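Got your viewer open? Let's take a short walk, one selection at a time.

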Amino acid sequence: MKLLIKNGRVVDPASKIDETLDILIDKGKIVDLKALINAEGAKTIDASRLVVAPGFIDLHVHLREPGQEVKETIQSGSMAAAKGGFTSICCMPNTNPVNDNRGVTEYILSEAKKRALVNVFPIAAITRGLQGTELTDMADLVEAGAVAFSDDGDPVQNSLVMRRALEYSQSLDTLIIDHCEDKNLSEEGVMHEGYYSYLFGLRGIPSSSEEVMVARDLILAEKTSARIHIAHLSVKGAIRFIQEAKEKKVRATTEVTPHHLLLTDAALETYDTNLKVNPPLRSKEDVQALVKAVKAGIVDIIVTDHAPHTPEEKDVEFDKAPFGINGLETAVSLILDRFVNKNIITLPRFIEMMSSTPAQILGRQDKGKICVGADADLTILNLHKEIVVDVHQFLSKSRNNPFHNWKLKGVPVMTIVGGKIVYPS
Amino acid sequence: MDANKIRRALHRMTTEIIERNRNLKNLVIVGIRTRGIYLGKRISKLIKELENIDIPVGVLDITLYRDDFSELETQHMVQKTEIDFSVKKKDILLVDDVLFTGRTIRAAMDSLFDLGRPQTIQLLVLIDRGHRELPIRADYVGRFLPTSRREMVQVKLKEIDGCDEVQITEPVEMK
Amino acid sequence: MEFNQKHLLGIQDLDATEIMTVLETAESFLEISIREVKKVPTLRGKTIINLFYEPSTRTRSSFELAAKRLSADIVNFNQQSSSVVKGETLKDTIRNLEAMNPDAIIVRHASSGAPRFIATFCRSHIINAGDGSHEHPTQALLDAFTIKQEKKIFQDLKVVIAGDILHSRVARSNIFCLRKLGAKITLVGPPSLLPLEFKKFGVEIDFNLEKAIEDADVIMMLRIQLERQAKNFFPSLREYTNLYGLDQKKFEKAKKKPIIMHPGPINRGVEISSEIADSVQSVILKQVENGVAVRMAVLYLLLGGKESEASD
């Protein structure tokens, strides 16, 4: 059956549209887009007073399947994504077994096809077993369906290995995503190194740990002309390297998470393990610099780095808790409330960071835009609706989200993937 | 009871003490914080005037020996017990301002026994207001003052209150 | 008298008045430790559990004696014990202990924040006997008590704390405590163990021990752990001792003949020479004696009296 979205404020930065339009969807594609569409027999959705955007794409999610299904599965993660307003998610390879061979990639894709509510794109490992020494069969993995490569959770510590990975990826025109951390400098740290880590008596992860690796990666990317994407940027000191690289036309992009834009290291006073994340929550200066970088376009996209853990794993003393924050169901509301509704970031810029740019980075011409022929992936937002975050109502299996009880204005109210309404169910 | 009556009572009790204690040299005075201390010192001075014998005075804080710890609304500040002589084999004159339920004296005796084994313990109080809850009695009493249980008896001494007097007050009725 | 705490998790939770209340109360308890019958019935019937995940002889036995002198019942649980080896989580261990209705649990743990974590789900009074690099409140209180005995007044007193500041919970608790009482603190150590950020705690920093102790009233030496050398915090113990060990020669530079303190156990010949440790200026053994009295005061103030609403 055809689907007609009427009267919505369609905002698509890729096509430079911001006006009230109707959208007609058939067989998973957008087939018509204009001010007034009459469609007999179509299911009609009234999107008056709502914003209709190209479906949001999250380039950084941990789905935990295969191997750790108790924390999250492809299915539960996709349900959380749909509720959070995401139509596509890219899942990181630090599963068990690691996604470093086509068997696991194909497994993920087939499970996603059977059970996922949203598009799931696997990111494969750069090195076998995430050990950081031997490259994976990248061409094979690209053919199997991997959209990018990353050892996320870990950096590629050895610079020679990273150089080889970048060189090789270039021939495939695929993307390397690096988790920038010098493990020697971070030395078992559990929070940002600074006044607060000294005050709380917790081992610190210095900013330099991220800065040196960002610099290294950008230098190698420049030398190899490869594409590089810096994962979860958190430090002020790395911003200038990225800006400089972009000015030199290095093919570098970067992402930031909502928690790194909203929370600082001072919050760790309570030793709440829901604030334990890697890279850690940084200082006020870092947060302010990141917000400026987002506004200036130095940061390209926003991701969640959704990292689900079971409540038991997080309900321990701080040192023992695993790193990670759950994020799919709060990200969009957080940015809408704290940045868009407060006029710090414009709505089109926000949507660009959530859909057009991620689609570009993935090289997907059919996504991240609203035009005839594009995939019918849409995110519909109500900028005025208010909610109170309740982690117990999450569709994700996990609850490790630090924004419980936050009052937020601005909510994704409907998510459409391939022409099907996947949220609300 | 006014300053004069207090003075006479102390005088009378001192002569009783001297009468009943053959070996005054073995006597030591232990005053219970807070006003027992000053009464004890006055008694010691009087004995010195009358018999020219020095009777040492020690200070006892019974907070740690109270039996009503878990009932107290607020904690009591613990202060020092200062008894720099041995109590072993001594005749102790325990001094307090008001004898009421007897629990303070019971606690005081427990505390003294933790310091050593006295030969005898005698009790001197300025006021005995009745309402004993334990089988405790004073050897020397300044004045018997019948009171109702609700009334409050307050002894004021020059050394810390600026004047000598005994006050009985009714608790304020809360509407 | 002011002490309205349910737990003692850190000096950061106390104000100057509460600290002084502990010190004043401890004076009364000192007397009990000297007399023949070293016991009072005050906490009779209370149950206290000593839960030590890190090895300790002096702090654990100090707490044990403190509890026993107050007539409380105390049970020791140390990390070699079978259930920890079997992999039981901290939370499960506490839950099991809590089922035995202890009035207080004294915890020493390698994770900073562990006592605070325990206090979120356990009904008993929680006393921090040292958590990771974070705080060791009773140590700071007994150190303050010892300083009060010798120096009487804290205001503008010059205190030097020297050693591995970065990893030291004793240093942190002492910094918080002495600052609240008005003392002026200088921290000394090699730069790798003394980040400049520490200045934000309201203290001075010096990398030269001799210079720092010139006008000191109190010198507090901290134990240096051998593991730090393995991680290149300093090149060798020999070099550390030459620069930061307190010996007679360096001590001559201290014009005011300050008292010397150490939380123990001392590494003779490393951070402190035998001469200095045994000198007449050293109050190290006094610290131990005071430790029992101060811990008695802490137990009394937390557990004596009605379980009032003032607690949480």
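Before you click, a rule for helices: the expected span of a helix is 1.5 Å times one less than its number of residues. Helices (H or I, at least four residues) and strands (E, at least two) are DSSP runs, numbered from the N terminus. This is a predicted model, where local features need pLDDT of at least 70, side-chain atom pairs count only at pLDDT 80 or more, and totals for chains, interfaces and linings use all residues. Residues are numbered from 1 along each chain as its sequence is written, and chains are lettered from A and ligands numbered from 1 in the order in which they are written.

**Stop 1: a helix in chain C**

Select residues 58–69 of chain C, which are helix α2. Because each residue should add 1.5 Å, these 12 residues should span 16 Å, and the end C-alpha atoms are indeed 16 Å apart.

Now colour the buried residues of α2(C): C:Thr59, C:Arg60, C:Ser62, C:Phe63, C:Ala66, C:Ala67 and C:Arg69. (Buried means 20 or more other C-beta atoms within 10 Å of the residue's own, with C-beta atoms placed from the backbone.) Among the elements covering them are α1, β1 (47–52), β2 (73–78) and α13 of chain C. After α2(C), look for C:Ser71, which has a positive phi near 70°.

**Stop 2: two domains**

Zoom out and colour chain C as domain 1 (11–136 + 289–303) and domain 2 (137–287); such bounds come from an automatic or database domain assignment. Their centres, taken over C-alpha atoms, are 25 Å apart. Across the border, 24 residues of domain 1 of chain C are in contact with 24 of domain 2 of chain C (contact: C-beta atoms, placed from the backbone, within 7 Å). Which element gives the most to the domain 1 side of chain C? Pick α13(C), with 6 residues.

**Stop 3: where chains C and A meet**

Show both chains: 20 residues from chain C and 13 residues from chain A make the contact. On the chain C side, α5(C) has the largest share, 3 residues.

**Stop 4: a sheet in chain A**

Hide chain C and find the open sheet of 8 strands in chain A, ordered β6-β7-β8-β9-β10-β13-β14-β15 with parallel pairing. At the edges sit β6 (56–61) and β15 (301–302) of chain A, each pairing on one side only. (Two strands pair if DSSP finds at least two bridges between them.)

Finish on β8 (residues 119–124) and β9 (residues 148–150) of chain A, parallel strands joined by 2 bridges. Click A:Ile123 and then its bridge partner in β9(A), A:Ala148.

Terms used. Contact = placed C-beta atoms within 7 Å. Buried ≥ 20, exposed ≤ 12 C-beta atoms within 10 Å, placed from the backbone.
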